[in-house]
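The following exercises concern a ligand and the space that holds it. Work through each task before reading its solution.

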Amino acid sequence: MKRRTVLKGLGASVATLALPHVARAESSAVRIGLILPMTGPFASTGRQIEAAVKLYMQRNGDAVAGRKLEIVLKDDTGTADVTKRLAQELIVNDKVSFLAGFGLTPLALAPAPLATQAKVPQIVMAAATSTITEASPFIVRSSFTLPQATVPLAEWAPKNGIKRVVSLVTDYGPGHDAEKAFKERFSADGGQMLSELRVPLRNPDFAPFLQRVADAKPDAVFVFVPSGVGAQLMKQFVERGLDKSGIRLIGTGDVTDDDILNDMGDVALGVITTHHYSAAHDSPENKAFVEAFRKAAGFRPNFMAVGGYDGMHLVYEALKKTNGDTAGEGLVAAMKAMAWTSPRGPVSIDPQTRDIVQNIYVRKVEKVGAELFNVEFATIPNVKDPVKAAKG
Ligand code: PHB
């Protein structure tokens with residue numbers, strides 16, 4: 001006992017006297033555990049975010065504050081139990097200083113208690129249910145929230161001849177958030193919800209739900225489906241003849257995701273959505289980002305990619321602020337109130353909620369050259385997650 005105390009005392013004085021030695025010891029690599037669905041139905045999210053993380057490192061170098069960064073990529077296959085086990089292994093065995101990724105809400109929630117316990121920042125790059133950041137004080141989000149993306153559409157619709165709506169959402173966190181946010185604002189602004197339909201997350205068959213939409217004859221169907229699923233919804237929309245029925249399809253931009261939009265074909269033309277990112281966003285930062293991304297990855301970035309890219313920005317800038325110190329509290333503190341220009345436009349981290357504050361754009365699918373794009377035509381600036389803003 002006595003000897004330990006003496007040694008500890010000695011250690012402290014050595015640390016203060018022999019700085020070069022300590023600096024060398026500290027310059028070991030900083031590991032980032034990146035957990036993504038690389039296989040399974042949500043693999044497009046994993047592929048997009050992995051490519052974005054690589055691009056960020058390619059453009060910004062693989063060292064920060066004198067420390068090399070190492071990505072440890074793990075495939076959770078889109079299964080929450082696996083995400084949790086991988087997070088545990090990354091913390092205990094790989095000694096990661098950050099956890100990052102998280103392609104779906106259940107995958108972001110599962111490891112949150114581990115992040116809290118180990119005091120490891122958890123950067124949520126994709127998942128978008130409002131409550132996620134409340135699951136751990138170590139969560140910081142670089143994606144978006146569904147209420148944040150939905151409320152501007154619920155405001156746009158009644159001003160643009162859409163008075164009667166059926167909603168159709170995937171039956172889990174973000175779908176419930178979208179349904180509620182749309183209904184509340186649309187009803188408050190004089191719109192009428194005819195019915196609220198929910199489709200399963202796993203192996204969805206939209207046909208019976210679209211039939212109910214057709215029978216209700218609304219002005220529009222408001223949809224939320226997670227990234228990657230929109231093409232199937234659009235195909236069944238056409239198969240049911242809804243494209244010829246005069247019923248408009250509106251939604252958050254998840255449905256016309258840039259990753260799959262070109263595969264949907266001309267049926268998608270004219271679809272109005274609201275979201276935080278379009279590959280067609282007109283800014284010098286985005287032009288450079290899209291060009292570099294296409295060149296490096298061989299495909300077009302979607303909103304998942306920009307969540308991954310900005311998540312890496314948080315990691316780099318936090319490490320710069322702490323001068324390479326990886327203590328979790330200091331890193332999260334460094335991320336709070338951080339503001340920068342993303343490929344999506346100006347963004348910042350809300351220091352109260354650790355959510356991203358960003359512009360939401362109203363967009364219309366148009367053909368630009370040989371490709372379909374979500375062309376932005378109106379901007380709602382600096383939108384906070386409205387659910388947490390209302391809680392105060
Ligand atoms: C989610 O599960 O939180 C999620 C996934 C895909 C999206 C949006 C939200 O496009």
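A cavity is defined on a 1 Å grid over the protein atoms alone, as a set of points where a 1.4 Å probe fits but cannot get out; its lining residues have an atom within 4 Å of a point. The model is predicted, so that local features need pLDDT of at least 70 and side-chain atom pairs pLDDT 80 or more, while totals for chains, interfaces and linings use all residues. Residues are numbered from 1 along each chain as its sequence is written, and side-chain values use heavy atoms, without hydrogens and water.

**Exercise 1.** Determine where the ligand sits and what lines that space.

*Solution.* Step 1: a search of the whole structure yields one cavity of 30 Å³ or more. Step 2: the largest cavity has a volume of about 120 Å³ (the space filled by probe spheres set on the grid points). Step 3: 17 residues line it, and G103, A126, Y172, P226 and M304 are the closest to its centre. Step 4: by class, twelve lining residues are nonpolar, four polar and one charged. Step 5: the ligand sits in this largest cavity (more than half of its atoms lie within 2 Å of the grid points).

**Exercise 2.** Explain why the largest cavity lies between two domains.

*Solution.* Domain 1 (26-144 + 284-354) and domain 2 (147-275 + 360-391) both contribute residues to the lining, so the cavity lies between them.

**Exercise 3.** Identify the polar contacts of the ligand (N or O atoms within 3.5 Å).

*Solution.* Step 1: ligand oxygen atoms are 2.5 Å from a side-chain N or O atom of T105 and 2.5 Å from one of D254. Step 2: a ligand oxygen is 2.9 Å from a polar backbone atom of S227. Step 3: the ligand taken alone exposes 280 Å² (Shrake-Rupley method, 1.4 Å probe), of which the protein buries 99%.

Key
Polar contact = N/O pair within 3.5 Å; in protein donor to acceptor, adjacent residues only side chain to side chain. 1 Å grid on protein atoms, 1.4 Å probe; cavity = no way out; pocket = protein on both sides within 12 Å on 5 of 7 lines; lining within 4 Å. Nonpolar A, V, L, I, M, F, W, Y, C, P; charged D, E, K, R; others polar. Domains from an automatic or database assignment.
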